[in-house]
Every structure is written in C-alpha cells, then in structure tokens.
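Reader: Could you walk me through this one slowly, as I am new to it?
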Amino acid sequence: MNGPGAEAPYAFRRAVAALGSARVRPEVRLAPMPAPRRLAPYAHALEAAVTADGTEVADGRFVLLHSPQGDDSWRGEFRVVTLARADLDPELGADPLLPEVAWSWLTEALEGRGLTWLEPSGTVTRAGSYFFGGLGDRPPRSEVELRASWTPGDAEEAAGHLLAWCALLAQCAGLPPEAAGGTVAAFPRRRGPRPV
C-alpha cells in the first residue's frame, strides 16, 4: 500500500505523511513503489536513486511496516526494512573492514539524527565481478549491498529514519556528508555507470 487509505490506522497514515514531507538532499530521488503485502497488515515502500554528475551511483528501497497489534520480534508496531546498494572501486570492495564500516554508517546516520531504534538486524554483502572473453574489455566491478531492518523507537520520527537511510545511501555512493563533523570517510565514487 503506497497511499494509506482511510481504512489504515491513524498512526500509520501520520507516519506515511511524514515520509512524504521529508526533504532529502538533491542527489537523492525518491519514488513510491509497490509495497510488500505479506510482511505486515500495512506497508509503504519507496525506492531511491542517488545521482552524481548525471550518473546513478547508488540505489535502494525503504519500506515502513505497521502491525497495529504489534509484533513480538519487532518489539513494536512499526518496522523499517531497507536495502542500500552501490558500486565501489574494486580495491575498496576487497577491504576486509568493509562490512563493519558499512554497518557503522547506518548506525551513525541514525545516531546523528538523535533517533532511537530497537532490534536492529541486517547483512552487508560485497560482490566482485571480473570480465572475460567478449566482456573482457570491461573493468572489474565491486558492489556493496546493505540490507537492514530495525524498529523505530518513536513512530513519530518516521521521516528522521528515512533521512538517516538517505544519508547512508549518499555515503555508500561516495558523496560527502551534508553537514560537517562526519567521523567516517566516504567511499570514492564508483568508476562509471552500472553496465546494463
């Protein structure tokens, strides 16, 4: 459900309205997408693309779930489920600390907005591609993918959780932080557009 109708609980409608009013940095483009139907009674989904110099450098999905009766595993009525993906320089993709650094970007983005969250879980995956034969003229590719979910400590702060996730996407894309004071360096931008 991408536009909560009158039948959706008031708390969910307010959270979705807050997502719609969030002002993201200009390099991040958000658009509604079909929400998953089986994860919770109510869901709202957004897809994102991050562009730099006219090239898409990262993408992802942000899903807000709502179960009015709550969910024991969530420890709340709301859950955020996300995906962030970006191409990297192959040397960075091979860095053994990449998974820990990428996960810290998420937690730092949430902390930086003063947000609270419960029951975080997720994975950081790195992939490398090397091309041969007819594709041998392509340079090696590395990609990082971060899948994460957490329970917002306060559903009234749904927009803050979206903005923190957008900051994570921008950092994965190699963009500098919007505000001074970042503690972890951004990845350099990937080498070029994602091959089709």
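Author: Gladly, and let me begin with a definition, with the caution that the model is a predicted one. A disulfide is here a pair of cysteine sulfur atoms within 2.5 Å.

Reader: So how many disulfides does that rule give?

Author: By that rule the count comes to zero disulfides.

Reader: And what about Cys-166, is that one buried or exposed?

Author: Cys-166 is buried, since its relative accessible area is 3% and buried means under 20%. Cys-172 counts as buried as well, with a relative accessibility of 2%.

Reader: Changing topic, how many aromatic pairs are there?

Author: The structure holds two aromatic pairs. One of them is formed by Phe-12 and Tyr-42, with 5.8 Å from centre to centre and 40° between the planes, and this pair is tilted.

Reader: Where do Phe-12 and Tyr-42 sit along the chain?

Author: Phe-12 belongs to helix α1, which covers residues 10-21, while Tyr-42 belongs to strand β2, which covers residues 42-52, so that the pair links distant parts of the chain, 30 residues apart. Phe-12 is buried at 0% relative accessibility, and Tyr-42, with a relative accessible area of 17%, is buried too.

Reader: Then why is the pair of Phe-62 and Trp-165 called tilted?

Author: The ring centres of Phe-62 and Trp-165 are 5.7 Å apart and the planes stand at 50°, so this pair is tilted; planes under 30 degrees apart would count as stacked and those over 60 as edge-to-face.

Reader: Which parts does that pair tie together?

Author: Phe-62 lies in strand β3 (residues 55-71) and Trp-165 in helix α4 (residues 158-172), and the pair therefore ties together parts that are 103 residues apart in sequence. As for burial, Phe-62 has a relative accessible area of 0% and is buried, and Trp-165 counts as buried at 1%.

Reader: Okay, on to Asp-87: what does its side chain make a polar contact with?

Author: The partner is the side chain of Arg-141, and the polar contact with Asp-87 spans 3.2 Å. Asp-87 itself is located in strand β4, which runs over residues 76-88, and at 5% relative accessibility Asp-87 counts as buried.

Reader: One last thing, which ring does Arg-138 lie over?

Author: Arg-138 lies over the face of Phe-131, and the distance from the ring centre is 5.6 Å.

How values were computed. Residues are numbered from 1 along each chain as its sequence is written. This is a predicted model: local features need pLDDT of at least 70, side-chain atom pairs count only at pLDDT 80 or more; totals for chains, interfaces and linings use all residues. Side-chain values use heavy atoms; hydrogens and water are left out. Buried means under 20% relative accessible area, exposed over 50%, partly exposed in between (1.4 Å probe, protein chains only). Helices (H or I, at least four residues) and strands (E, at least two) are DSSP runs, numbered from the N terminus. A polar contact is a pair of N or O atoms within 3.5 Å; within protein, one must be able to donate a hydrogen and the other to accept it, and residues adjacent in sequence count only if both atoms are side-chain atoms. Rings of Phe, Tyr and Trp (its six-membered ring) pair if their centres lie within 6.5 Å; planes under 30 degrees apart count as stacked, over 60 as edge-to-face and the rest as tilted. A charge sits over a ring if NZ of Lys or CZ of Arg is within 6 Å of the ring centre and within 35 degrees of the ring normal.
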